[in-house]
Amino acid sequence: MAEINFECKECGSIFDCDVGKVTFPTKANERPKYENKIVCPKCGIISSDKVLLTEIGQGQMTALDMETW
């Protein structure tokens, strides 16, 4: 289970979401894959294209990536 902090590009909400297991890309231009869907509290289920990682979320993703090494 991984809880990541996102900002919704659609409504501007900042929220935590349990994305489940995160699989990191092997190529530089790919995005991480999330086991669970991203759910904005205002917009509902949204794609990873419609969210930004907050500064907190970036730290959370870095910590998860370091665990996989």
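In which loop does E35 lie? In this predicted model, residue E35 belongs to the loop between β4 and β5. Is E35 buried or exposed? Its relative accessibility is 58%, and E35 therefore counts as exposed, the cut-off being over 50%. Leaving aside neighbours within four places in sequence, E35 is in contact with V19, G20 and K21. The pairing of E35 with V19 shows how the chain folds back on itself in space: 16 residues separate E35 and V19 in sequence, yet their C-alpha atoms are 6.0 Å apart.

From this loop the reader may turn to Y34, which is found in strand β4. Y34 and G20 are 14 residues apart in sequence, with 6.4 Å from C-alpha to C-alpha. When neighbours within four places in sequence are left aside, the contacts of Y34 are F6, V19, K21, V22, S48 and M61. The contact with F6 leads to the aromatic residues of the structure.

How many aromatic pairs does the structure hold? There are 2 aromatic pairs. In one of them, F6 and F15 are arranged in a tilted manner, with 6.0 Å from centre to centre and 40° between the planes. An angle of 40° is called tilted because stacked planes are under 30 degrees apart and edge-to-face planes over 60. F6 and Y34 also form a pair, and this one is edge-to-face, with 6.0 Å centre to centre and 85° between the planes. The pair of F6 and Y34 links distant parts of the chain, since F6 lies in strand β1 (residues 3–8) and Y34 in strand β4 (residues 33–34), 28 residues apart. F6, F15 and Y34 together form one aromatic cluster.

Two members of this cluster can be described further by their accessibility. F6 has a relative accessible area of 1% and is therefore buried, as the cut-off is under 20%. F15, with a relative accessible area of 5%, is buried as well. Not counting residues up to four places away in sequence, F6 touches S13, I14, F15, C17, V19, Y34, I38, V51, L52, L53 and T54.

These contacts of F6 introduce the nonpolar core. In soluble globular proteins, nonpolar side chains tend to be buried together. The largest nonpolar core here has 14 residues, and those with the most contacts inside it are F6, F15, V19, I38 and I46. Which elements give two or more residues to this core? They are β1, β2 (14–18), β5 (38–40) and α1 (55–68). The largest share, 3 residues, comes from β1.

Two further residues are buried. S13 is found in the loop between β1 and β2. Its relative accessibility is 10%, so S13 counts as buried. Beyond its neighbours within four places in sequence, S13 is in contact with F6, E7, C8, C40 and K42. A2 is placed in the segment before β1, and its relative accessible area of 4% makes A2 a buried residue. Leaving aside neighbours within four places in sequence, A2 is in contact with C17, D18, V19, G20, V22 and L64. A2 and Y34 are 32 residues apart in sequence and 9.2 Å apart in space, C-alpha to C-alpha.

The last feature to consider is empty space. Rolling a probe the size of a water molecule over the atoms shows where empty space is left. How much space lies in the largest pocket? The largest pocket holds about 190 Å³. Its lining is formed by F6, K9, R31, P32, Y34, S48, D49, V51, L52, L53 and M61. F6 and Y34, which form the edge-to-face pair, are thus both named among the residues that line this pocket. By class, the lining has 7 nonpolar, 1 polar and 3 charged residues. Strand β7 (residues 51–53) gives the largest share of the lining, 3 residues.

Note on methods: Residues are numbered from 1 along each chain as its sequence is written. This is a predicted model: local features need pLDDT of at least 70, side-chain atom pairs count only at pLDDT 80 or more; totals for chains, interfaces and linings use all residues. Side-chain values use heavy atoms; hydrogens and water are left out. Rings of Phe, Tyr and Trp (its six-membered ring) pair if their centres lie within 6.5 Å; planes under 30 degrees apart count as stacked, over 60 as edge-to-face and the rest as tilted. Buried means under 20% relative accessible area, exposed over 50%, partly exposed in between (1.4 Å probe, protein chains only). Helices (H or I, at least four residues) and strands (E, at least two) are DSSP runs, numbered from the N terminus. On a 1 Å grid over the protein atoms alone, a cavity is a set of points where a 1.4 Å probe fits but cannot get out, and a pocket is an open set with protein on both sides within 12 Å along at least five of seven lines; lining residues have an atom within 4 Å of a point. Grid points are joined across faces, edges and corners, and a volume is the space filled by probe spheres set on the points. Ala, Val, Leu, Ile, Met, Phe, Trp, Tyr, Cys and Pro count as nonpolar, Asp, Glu, Lys and Arg as charged, and the others, Gly among them, as polar. A nonpolar core is a set of buried Ala, Val, Leu, Ile, Met, Phe, Trp, Tyr and Cys residues joined through side-chain atoms within 4.5 Å. Contact means heavy atoms within 4.5 Å.
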